[in-house]
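Here is a set of questions and answers for someone meeting a protein structure early in their studies. Each answer sets a value beside the definition that it has to satisfy.

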Amino acid sequence: MLQQPSGLLPTTNVSKPGVCLGALEFRGQQQQLSASSMYSSGLKVPLRGMRTCVIEESTLSTKICAHQKMKLPPQNVDLPTILPKKKKKPFPIPFKKIKEAAREDKKLAQMGIEKPLEPPKNGLLVPNLIPVAENVLGAWRHLIVGVAQLLHVVPVYACSDCPEIHVAGTGHNIQDCQGVSSRKRRGFHSWVKASINDVLVPVDSYHMFDPFGARIMHETRFEYDRIPAIVELCIQAGVDLPELPSRRRINPIRMMGKKVIDKGGNLEAPVKACTGSVSAALIDLDTHGTHMRISAPAPYDVPRIAHETVHAYEIVKRGVRKLMRMYTVKACGYCSEVHVGPWGHNAKLCGEFKHQWRDGKHGWQDATPEEVFPPNYVWHVQDPQGPPLTGGLKCFYGKAPAVIELCWQAGAQVPSKYKPMMRLDIIVPESTEGDLVA
């Protein structure tokens with residue numbers, strides 16, 4: 001029969017569940033212990049000279065609740081909504097703040113006070129951003145070469161009637177074509193072999209020797225070279241290219257309101273030797289014809305090239321975002337035109353929504369990094385050699401930037417921030433089971 005000791009001297013407090021008791025000493029005359037008290041509150045029968053613990057059911061539930069409160073990464077993330085073409089793009093900066101800044105500039109101008117400008121708004125360079133611009137330009141070169149090499153290995157298809165592309169062995173069967181002749185095909189795409197310009201969407205901008213000089217007019221637009229907007233951004237941020245000179249100011253620009261009262265004098269742009277020199281300088285900075293110039297890589301080099309291409313893509317993406325925080329880039333609110341500089345050009349080339357009201361002029365506003373370096377999202381294919389994607393199961397499919405999807409199929413490891421976007425943790429059901437999935 002179990003006996004209860006006459007004196008129990010616990011060394012710790014037993015009022016809290018889950019706290020270990022100290023050594024228990026048995027003193028005096030032993031008494032009888034009821035069986036109901038043996039198993040109450042989860043207390044085990046103490047034995048002589050041994051330590052015991054109070055274990056309650058709430059301890060396990062507390063641990064489960066604490067585990068559930070941990071912030072876990074999302075399983076899937078929806079992409080930004082596609083803006084309608086028959087509507088103006090929203091302002092990146094709230095229009096209320098734009099009006100407040102304009103009122104402050106007007107108030108200072110009426111008082112005869114110059115507008116306070118900091119680099120690079122006053123035409124001077126930011127020394128800390130010069131290495132960033134050099135890294136972006138170097139990564140842009142590697143990105144072009146890497147994508148051109150991987151296009152020889154990974155099949156990529158583009159629709160001949162709309163901007164849609166697909167990275168897989170065959171084109172998908174999702175009926176979302178918005179081309180002119182899409183009704184004849186009931187929304188199915190007309191797939192052809194893609195080029196590097198389909199993966200890296202070309203965004204060109206005018207190169208200006210002095211971004212703060214005279215604005216580009218419609219009649220003088222052919223006097224300026226068209227280069228990738230990323231290259232022009234890096235040049236204005238401090239990268240020196242002999243074939244594409246840029247003015248480096250010593251004295252800052254002075255402005256009163258919207259009027260420039262001192263721009264450090266007029267400096268004529270150097271005369272170009274020939275048109276071919278500029279083309280030769282941009283041969284490794286432009287995507288045009290790169291796929292035909294660069295040959296296919298060796299099979300054992302494909303994973304390494306894919307990994308380096310993802311790394312270059314991330315450098316360009318972060319660098320463009322960092323440079324655009326300081327340097328002004330304008331974008332049209334109706335079309336895809338981009339201009340790197342404090343003011344947009346006056347070329348009448350806009351043909352989008354209600355361009356007749358603007359006489360073909362662009363509606364300039366502050367640009368976003370996605371407009372300068374478009375991600376170009378494509379459907380993620382979990383099995384590139386499997387059956388083509390169908391429209392009935394597109395709610396289970398994820399998306400990813402075209403470069404990331406291309407490198408993933410080539411053997412590169414996807415950065416963790418793209419996994420919820422690609423929905424790698426979601427199992428796509430079979431076509432016959434799609435209606436049974438809740």
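Q: Which residue follows helix 3, and what is the sign of its phi?
A: Helix 3 is followed by Gly112, whose phi is positive, near 75°. Helices here are DSSP runs of H or I with at least four residues, strands are runs of E with at least two, and both are numbered from the N terminus. This is a predicted model, in which local features need pLDDT of at least 70 and side-chain atom pairs count only at pLDDT 80 or more, while totals for chains, interfaces and linings use all residues. Residues are numbered from 1 along each chain as its sequence is written, and side-chain values use heavy atoms, with hydrogens and water left out.

Q: How do you know that the span of helix 3 agrees with its number of residues?
A: The expected span of a helix is 1.5 Å times one less than its number of residues. The 16 residues of helix 3 (residues 95-110) should therefore span 22 Å, and the end C-alpha atoms are 23 Å apart, which agrees. In the whole chain there are 12 helices and 14 strands.

Q: Why is the pair of Phe212 and Trp343 called edge-to-face?
A: Rings of Phe, Tyr and Trp (its six-membered ring) pair if their centres lie within 6.5 Å, and planes under 30 degrees apart count as stacked, over 60 as edge-to-face and the rest as tilted. The structure holds 5 aromatic pairs. The rings of Phe212 and Trp343 have centres 5.8 Å apart and planes at 85°, so this pair is edge-to-face. Phe212 lies in the loop between strand 6 (204-206) and strand 7 (226-228), and Trp343 in the loop between strand 11 (338-340) and strand 12 (364-366), so the pair ties together parts that are 131 residues apart in sequence.

Q: What makes the pair of Tyr313 and Phe373 tilted?
A: Their ring centres are 5.3 Å apart and their planes stand at 45°, so the pair is tilted. Tyr313 belongs to helix 9 (residues 302-324) and Phe373 to the loop between helix 10 (369-372) and strand 13 (377-379), so parts that are 60 residues apart in sequence are tied together. Ring pairs also link Trp140, Tyr313 and Phe373 into a cluster.

Q: Is Phe212 buried or exposed, and how is Trp343 classed?
A: Buried means under 20% relative accessible area, exposed means over 50%, and partly exposed lies in between (1.4 Å probe, protein chains only). Phe212 has a relative accessible area of 13%, so Phe212 is buried, whereas Trp343, with 27%, is partly exposed. Buried residues make up 38% of the 438 residues in the chain.

Q: How do you know that Arg226 lies over the face of Tyr206?
A: A charge sits over a ring if NZ of Lys or CZ of Arg is within 6 Å of the ring centre and within 35 degrees of the ring normal. Arg226 lies over the face of Tyr206 at 4.5 Å from the ring centre, and the charged end of Lys399 sits over the ring of Trp379, 4.5 Å from its centre.

Q: What makes the approach of Gln236 to Glu232 a polar contact?
A: A polar contact is a pair of N or O atoms within 3.5 Å; within protein, one must be able to donate a hydrogen and the other to accept it, and residues adjacent in sequence count only if both atoms are side-chain atoms. The side chains of Gln236 and Glu232 make such a contact at 2.7 Å. Gln236 lies in helix 6 (residues 229-236), and a relative accessible area of 10% makes Gln236 buried.

Q: What is worth noticing about the phi of Asp359 and of Asn376?
A: Most residues other than glycine have a negative phi, and most peptide bonds are trans. Asp359 has a positive phi of about 60° although it is not a glycine, and Asn376 likewise has a positive phi, of about 55°, without being a glycine. Asp359 is partly exposed, with a relative accessible area of 48%, while Asn376 counts as buried at 15%.

Q: Why is the peptide bond from Pro119 to Pro120 worth a look?
A: The bond from Pro119 to Pro120 is cis, with omega near 5°. Pro120 is placed in the loop between helix 3 and helix 4.
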